[in-house]
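Got the viewer open? Let's take a short walk through this one, selecting as we go.

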Amino acid sequence: MATSHAIGIDIGGTGIKAAVVDLATGDLVSDRRKLATPEGGRPADILKATRELLAEFDDPAGPRLPIGVCFPAIVKRGHTLSAANISDEWIGLPAEQMFEQELGRDIHFINDADAAGYAETRFGAAKGVDGLVILTTLGTGIGSAFLYDGVLIPNTELGHLEIDGHDAERRAAYSAMERESLSWEDWAERLQRYYSVVEFLFSPDLFIVGGGVSKHQEHFLPLLDLKTPIVPAVHRNNAGILGAASLASR
Ligand code: BGC
C-alpha cells in the first residue's frame, strides 16, 4: 500500500475502531474493524486489544504504515492525564510510549475529540471556516475540540463543564439518553441547555456535532434554538480514525 496511507485507531469507552486512510482524500481505504473496549478499560487490556486489532491491517509484505491513535483522555506530551470513561489507572501514564512499545513502532497519540476536530478541518465541515469552530462528540462522554482559523487548540474538555450542578456529559452525552431511555425531545432539551452555555461562554462561529448519533441528526439538531449554526460532522463516527491517521503522517 502506498505511503500516502496511514492507519487510524480510535479508542473509545465502548469500542476500539481502526481503518486505513487515504491521506490525500480522507477516504477509508480498508474495512473499518472494531473490537469492544475490554471491560474496565484498563491499560494492559486496551494495549493488548489494540495490538490484536492492528494485526488485522499489517501486511507483512507491504510497507509499515504510520499509525495515529486517539484516546478519550487529556493527552499532554504523550501522557494521559485524565480518565472519564476508562480505568483511572490511565491517569499520569506515558501512554504514547506504552502504545509504541506494544505496537512496535512510533505512533502519534492525541485526544479523540481533537482528532475528530482535526479531521473535520482537513476534510469536513470545518474546512475553510474562519474564526472559532467548536466540535463536540456525543457518545459515551462528550468530547470537544476548538479550531481557531483552522488551528487546533487541544484538550478543551467541555464535556466536563459543570452545568446546573452536574458534570455536563452525565446529562447530555448520547449515553445518558440510552441509560435513561430519553425521547429525542427530552434529550434535545438537555442539549439545548448544554449548547446554550457553551455558546454564551465562547461565542463560536460554528458548532459541529460528531459521534455515532450524528447520523440521526434530523431527530435532534432541528430542535435546538441557538444563534450559532450547528451542523453534523461530515465524517461522523470515522472522524477520530481520520484525524489520528492524518496527524500520524505529519
Ligand atoms: C473525556 C474526553 C473525551 C470525551 C469523548 C470525555 O469523558 O474526558 O477526553 O474526549 O469523553 O470521548
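A quick definition before the first click: a polar contact here is a pair of N or O atoms within 3.5 Å. Keep in mind, too, that this is a predicted model.

Start with H160 and the ligand. A polar atom in the H160 side chain sits 2.7 Å from a ligand oxygen, so the pair falls inside that 3.5 Å limit. Now add N111 to the selection: an N or O atom of its side chain is 3.0 Å from an oxygen of the ligand. Then bring in N85, where the corresponding distance from a side-chain N or O atom to a ligand oxygen is 3.4 Å. While you're here, turn on the ligand surface: on its own the ligand would expose 310 Å², and the protein buries 93% of that.

Next, show the whole shell. Select P72, A73, A84, N85, N111, D112, G141, I142, G143, E157, H160 and E169, the residues around the ligand. Colour them by type and you'll get four nonpolar, five polar and three charged residues. If you have a pocket display, switch it on: the ligand takes up the space of the largest pocket.

Now zoom out and colour by domain. Domain 1 covers 5-114 + 238-248, and domain 2 covers 128-232. Their centres, taken over C-alpha atoms, are 23 Å apart. Where the two domains touch, domain 1 supplies twelve residues and domain 2 supplies 14.

Last stop: which domains does the ligand shell draw on? Both domain 1 and domain 2, with at least three residues from each.

How values were computed. Residues are numbered from 1 along each chain as its sequence is written. This is a predicted model: local features need pLDDT of at least 70, side-chain atom pairs count only at pLDDT 80 or more; totals for chains, interfaces and linings use all residues. Side-chain values use heavy atoms; hydrogens and water are left out. A residue is near a molecule or strand if one of its heavy atoms lies within 4 Å of it. A polar contact is a pair of N or O atoms within 3.5 Å; within protein, one must be able to donate a hydrogen and the other to accept it, and residues adjacent in sequence count only if both atoms are side-chain atoms. Accessible areas come from the Shrake-Rupley method with a 1.4 Å probe; for residues, only the protein chains shown count as cover. On a 1 Å grid over the protein atoms alone, a cavity is a set of points where a 1.4 Å probe fits but cannot get out, and a pocket is an open set with protein on both sides within 12 Å along at least five of seven lines; lining residues have an atom within 4 Å of a point. A molecule sits in a cavity or pocket if more than half of its atoms lie within 2 Å of its grid points. Ala, Val, Leu, Ile, Met, Phe, Trp, Tyr, Cys and Pro count as nonpolar, Asp, Glu, Lys and Arg as charged, and the others, Gly among them, as polar. Domain bounds come from an automatic or database domain assignment. Contact means heavy atoms within 4.5 Å.
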